[in-house]
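Here is a short briefing on a structure. Read it with the sequence and coordinates at hand.

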Amino acid sequence: MNSRVLVVVGVFALLVGILAAGLRLNPREVPSPLIGKPAPPFELPLLKQEGKTFAAQQMLGRVWLLNVWASWCEPCLQEHPVITTLAKSLPAPVIGLNYKDARENALPWLARHGDPFMLSVFDSSGRIGIEYGVYGVPETYVIDKRGVIRYKRIGPVTPEIAAQKIAPLVSELSRE
Amino acid sequence: MNRTFAFLFLLFFSVCSFGKEDPILEKRVMALASELRCLVCQNQTLADSHADLALDLRNSIREQMERGASDKEIVGFMTARYGDFILYRPPLKAVTLLLWFGPFLLLAIGAAVLVRRIRRRPGPAPELSEAERARAARLLEE
């Protein structure tokens, strides 16, 4: 009889454990199939200079970060100080992908909150966003010297993620 | 006045339907979109969702279909960017085995437990011998 009670309690505890683990998972964090794959190529106009373009291939041979942002995106503002600190402290440049935005909103946003980006490219249609599997702005990618995506963060970069994940990865990749 | 209004009303709708593309293509787009998850509002399909991204992805599906891509190619395009999570029907893979067969596994475990319990239940009481019967009768009479 006693062993039966133990079995019931055990099964119940197991169930609670599984459900508790499930609750703690974030359904928004979808593993990206792009990790380990070449970063999709693009050539887009610059946000600040309409006539000029920038191509991802220009970054070959360097470790760099791609940060997808928009002036309409609240969490982008929230992570902005973290991106700014990262851009100052990392040996890798941060390139902004201004996603589905308008110049008349994006430029004042940068003027007001500071521009940490080496440059921002302007993806008004979101077409390049689709190539990069963007679905929750902001998103941040770490791309290595061979142009391969090594890390992707969906949602705002927190100071913890910046310090524990991104910074060590960038210095490791810079030595490669 | 009423006539002008009616005219404008009809004109508006004729323009709307004129702008609409090939209904067969549209049907194909929606059929495929209803197999794909909108990643912004995860419990809706791309067909149901009004999210901006869902609209963009439907447009992308439409463009690819116009270029002659098959449904399979388009699904490949989507999973290459967004992963299997975009599929409402996850593919059968080593990592999804438990997802597909887990319920059957639970059913089998339940059935095994049930069978064991039924087997373990004591059978009908053994028949009484003549002597026991006589003893019982005597006890009842007392």
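The points below cover chain B, its contact with chain A, and one residue of chain A.

This is a predicted model: local features need pLDDT of at least 70, side-chain atom pairs count only at pLDDT 80 or more, and totals for chains, interfaces and linings use all residues. Residues are numbered from 1 along each chain as its sequence is written, while chains are lettered from A and ligands numbered from 1 in the order in which they are written.

**Chain B: fold**
- Chain B has 6 helices (DSSP runs of H or I, at least four residues) and 0 strands (E, at least two), numbered from the N terminus.
- The order from the N terminus is α-α-α-α-α-α.
- Of the 142 residues in chain B, 14% are buried, meaning 20 or more other C-beta atoms, placed from the backbone, within 10 Å of their own.

**Chain B: domains**
- An automatic or database assignment sets the bounds: domain 1 spans 20-91 and domain 2 spans 92-142.
- Their centres, taken over C-alpha atoms, are 52 Å apart.

**Contact between chains**
- Chain B gives 14 residues and chain A gives 13 (contact: C-beta atoms, placed from the backbone, within 7 Å).
- On the chain B side, helix 3 (52-66) and helix 4 (71-82) each give two or more residues.
- Helix 3 of chain B gives the most, with 5 residues.

**A:R127**
- A:R127 lies in helix 4 (residues 127-131) of chain A.
- A:R127 is partly exposed (between the limits of 12 or fewer for exposed and 20 or more for buried), because 15 other C-beta atoms lie within 10 Å.
- A:K100 is 27 residues from A:R127 in sequence and 8.9 Å away in space, C-alpha to C-alpha.

How values were computed. Two residues are in contact if their C-beta atoms, placed from the backbone, lie within 7 Å.
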